[in-house]
Amino acid sequence: SISAMIAAFIGPIPVAVNSIMTNLYGLLFAFYWGFGCPTQIFIANYLGANKPHLAKRVNAIGLIMGTASAAVACVAMLIFDTELASLFSTDPQIVALICDVMPVFVIAVLVSAIQLMFSATLEAMARAQLLAVVTLIGAWAVLLPMSWFLGVTLKFGLNGLWAAAGIGEGTKLVLFSYFLSKTNWEDEAFAASNNAEGGAAGDEDAVSAAAASQKYASTPTMGRSPGTSLMLTPVRKEAQGAYGEAATPTMRRKFSDPGEPSKRTRSAS
């Protein structure tokens, strides 16, 4: 959305081309995030199980696979840039501009893919505040002013916009890499496993409390209203058995088997 607003100051054709490039960016994001999402889940699971060595291994595997998938997609887009542009428009100016922006675009995509894998690892560690601060810096403190400076001030056009996107993503990549290099995986695993055990203990306490509440709620008391129990018990024999000797003759006749004739009917017959 930021690049779309700035592209409006460049011209109508750049606005159309930027919309196409943004759609391509979203498609590629879904492609390499297919490796980032399971990587994040596995890292979180291994940290919660206090297995930092396995979490580090998954992090390395996810980084390699996510980066490789993005690289393959970017190379394919560079090779088939004309054919890809023709899928979106037959206007020769638009096709030519897409092919012109493609080299800068794929670099920005590749940098974004790598930083996304690092951010997935940090998210698996529940470091949401760090992610928010770094994203704020990369998007608003770097990408936005650089987009205006390169695209409008220096008149680089869409190449300047996507170069700014690459710089913003690169800023996040550098910051994420720095904080991950300072991360103690053993400490993260210990903290995650303690949180998991505390949550499990809390769940057990809740289950025990619910069971005790159910036990005492089902115990007949002197102050219980018979009408309430009658409404809550769907099975007649269970309701009658719940009252036991406390059931009145009227209640017993009411909950007796309809197929069994009552004493009054037998005596009349």
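These notebook entries cover one helix pair and the nonpolar cores of a predicted model.

**Entry 1: the pair α6 and α7**

I looked up how helix α6 (residues 128-153) lies against helix α7 (residues 158-181), and found that their axes come within 8 Å and cross at roughly 155 degrees. Since angles over 145 degrees count as roughly antiparallel, I noted that α6 and α7 are therefore roughly antiparallel to each other. I also recorded the crossing of α6 past α7 as right-handed.

I then listed the residues that make this contact, which on the α6 side include Leu130, Val134, Ile137, Gly138, Met146 and Leu150, and on the α7 side include Gly160, Ala164, Ile167, Gly168, Lys172 and Phe176. Sorting the contact residues of α6 with α7 by character, I get 16 nonpolar, 7 polar and 1 charged.

**Entry 2: the largest nonpolar core**

Next I asked which members of the largest nonpolar core, a set of 32 residues, touch the most other members, and these are Met21, Met77, Ile98, Met102 and Phe105. Tracing where this core comes from, I found that α1 (2-7), α2 (12-48), α3 (52-79), α4 (81-86), α5 (92-124) and α7 each supply at least two residues, and that α5 gives the largest share, 12 residues.

I followed up Met102 in particular and, leaving aside its neighbours within four places in sequence, I find Met102 in contact with Met21, Met77, Leu78, Asp81 and Leu84.

**Entry 3: another core**

Apart from the largest core I noted another one, of 16 residues, which has Leu47, Ala55, Val58 and Ala124 among its members.

Notes:
Residues are numbered from 1 along each chain as its sequence is written. This is a predicted model: local features need pLDDT of at least 70, side-chain atom pairs count only at pLDDT 80 or more; totals for chains, interfaces and linings use all residues. Side-chain values use heavy atoms; hydrogens and water are left out. Axes are lines fitted to C-alpha atoms, for helices over the stretch in contact, and angles run from 0 to 180 degrees between N-to-C directions. Helices (H or I, at least four residues) and strands (E, at least two) are DSSP runs, numbered from the N terminus. Angles under 35 degrees count as roughly parallel, over 145 as roughly antiparallel, 65 to 115 as roughly perpendicular and the rest as oblique. A crossing is left-handed if the near helix is turned anticlockwise from the far one by less than a right angle, and right-handed if clockwise. Contact means heavy atoms within 4.5 Å. Ala, Val, Leu, Ile, Met, Phe, Trp, Tyr, Cys and Pro count as nonpolar, Asp, Glu, Lys and Arg as charged, and the others, Gly among them, as polar. A nonpolar core is a set of buried Ala, Val, Leu, Ile, Met, Phe, Trp, Tyr and Cys residues joined through side-chain atoms within 4.5 Å. Buried means under 20% relative accessible area, exposed over 50%, partly exposed in between (1.4 Å probe, protein chains only).
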